[in-house]
Amino acid sequence: MTHDQASDLRRLAEQAFSREKARPARGASCRMIAVTSGKGGVGKSNVILNTACALSQLGKKVLVFDADFGLANIDVLAGITVRSTIANVVSGESSISEILVDGPFGIKIVPASSGLQEMADMSVSDRESLIESMSTLDWDGDFILIDTGAGIAANVVDILLAVPEVIVVTLPEPTAITDAYAVIKVLSQKGAGARIRLLVNRANNPQEGADTFDRLQRVVKRFLPIEIEYMGYVASDDRLVEAVMRQTPLMEAFPRSAAAHCFNDLARKIANLPVEERSTGGFQQFWRNFLRGNGKARL
Ligand SMILES: Nc1ncnc2c1ncn2[C@@H]1O[C@H](COP(=O)(O)OP(=O)(O)O)[C@@H](O)[C@H]1O
Ligand SMILES: [Mg+2]
C-alpha cells in the first residue's frame, strides 16, 4: 500500500467515526469473534454455522459474517440462496441491510463474495461506499461471528488484528497444529490485542482435544510472549459430513449427535465468557480497527 493510499484510508476512517459519534452507539454491547485456522478444511465454517445456531437456541441474537472471500460457503452449508453479496455493497447497488439474509434458527448471514479478495486494492470510492454502508448496519444483536479464510494471507490477518476475540480451529493432527501455531505466531508478532482461544475439531474423544491443546500451548509458552486458552473440542462425527451433504446445519439435521452436543457446550461456554471491555463495540468498532490497522499485516 502506498503512503497516499494509507492516508486516504485514515481519512475515510476518521470520516466514518465522526458520523458515528453523531448517533447513539447501537450494538455497542455486541461481541465480535473471528474464527480462523492455519490450514483450510479444518471445519471453520461448520463450527461457525453450528455454534451460531446453538447460540441462537440459547436466546442470543447472532449474525454470521462470511469474510472468507476466497472460499465463501456459509450460504451453501446453510442451504440458502444468496442473490447479493458484499460485492454488491461495494459497487453501491445494495446496502448492507439489503444483503443480509435469514439463516436457520433465526440467525442472520452477511454473504461473502470473492470480489473483495484484496481489500487494500479497492479504489478509494469503493472503500468509501463500503465503510459508509457498514456504519449504517444497525446490528444490535449479541454476537457477530466472522468466518475468515485460512492461513496467514494479509487479508485474513488484517481482520484478525481488528477483532477483540479470535478462535483458532485446529485438528489433532500435527500438520494442522503446526499451521495453527503459524497463525498464532503472526498474530503475536503483529501485536494483536485479541484474546486467542483454541478449538480442536474432529477429536476422537475429550482427551485428544485436551492433549492437542497442551502440545500447542507448550510451544506457544516457550516461544511467544502471548497466552492462549482452551475453548474445547468438537467430536469427529460422520453425521456432520452427512449434514454438509444435505446442506443443512448439523444442529438442525442431527441435534442429538455427538458433535451437536459439543456445539451446545461450546455455545454455552461462549455465552458465559466474561465480557471484557475490549470484546464489545460491534461492527463499527471492527471497521474502525480494521481501517486503522489496514496494511499492518503487510509490513
Ligand atoms: N467434526 C467433524 N466431524 C467430521 N467431519 C468434519 C467435522 N468438521 C468438519 N468435517 C469435514 O470437513 C469438511 C470441511 O469443513 P469446513 O467447515 O468447510 O472447513 P473450513 O471452513 O475450515 O474450510 C466438512 O465438509 C466435513 O466433511
Ligand atoms: Mg470455510
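Let me begin with helix α12, residues 258–272, in this predicted model. At 1.5 Å a residue, its 15 residues should span 21 Å, and because the C-alpha atoms at its two ends are in fact 21 Å apart in the model, the expectation and the structure agree. If you now look down the axis of α12, the buried residues fall within an arc of 155°, so they line one face of the helix. The residues in question are Ala259, Ala260, Cys262, Phe263, Leu266, Ala267 and Ile270, each of them buried. And what lies over them? The cover over the buried residues of α12 includes helix α2, strand β8 (228–235), α10 and α11 (250–253).

That mention of β8 brings me to the sheet. Eight strands form an open sheet, and if you follow them across you meet β3, β4, β2, β5, β1, β6, β7 and β8 in that order, with mixed pairing. At the edges stand β3 (101–102) and β8, and since each has a single partner strand, one side of each is left without a neighbour in the sheet.

Let us look next at β1, residues 31–37, where seven of the seven residues are buried. Which residues lie on each side of this strand? On one side we find Arg31, Ile33, Val35 and Ser37, and on the other Met32, Ala34 and Thr36, so that, with all of these buried, both faces of β1 are covered. Within the sheet, β1 pairs in the parallel sense with β5, residues 143–148, over five bridges, and there Ala34 has Ile146 as its bridge partner. With β6, residues 165–170, β1 also pairs in the parallel sense over five bridges, and in that strand the bridge partner of Thr36 is Val168. Elsewhere in the sheet, three bridges join β2, residues 62–67, to β4, residues 108–110, and these two strands run parallel, with Val64 standing opposite Ile109 of β4.

Finally, let me turn to ligand 1. How many residues are there around ligand 1, and which of them come nearest? There are 17, and Gly43, Lys44, Ser45, Asn46 and Val244 are the ones that come nearest. The elements that give two or more residues to this shell are α2 (44–57), β7 (195–203) and α10 (238–245), and you will remember that α2 and α10 are also among the elements covering the buried residues of α12. As for the character of the shell around ligand 1, its residues divide into six nonpolar, eight polar and three charged.

Terms used
Residues numbered from 1 in each chain as written. Chains lettered and ligands numbered in written order. Predicted model: local features only at pLDDT ≥ 70, side-chain atom pairs only at ≥ 80, totals over all residues. Near = placed C-beta within 6 Å. Helix = DSSP H or I, 4+ residues; strand = E, 2+ residues; numbered from the N terminus. Nonpolar A, V, L, I, M, F, W, Y, C, P; charged D, E, K, R; others polar. Expected span 1.5 Å × (residues − 1). Buried ≥ 20, exposed ≤ 12 C-beta atoms within 10 Å, placed from the backbone. Arc of directions from axis to C-beta. Contact = placed C-beta atoms within 7 Å. Pairing = 2+ DSSP bridges.
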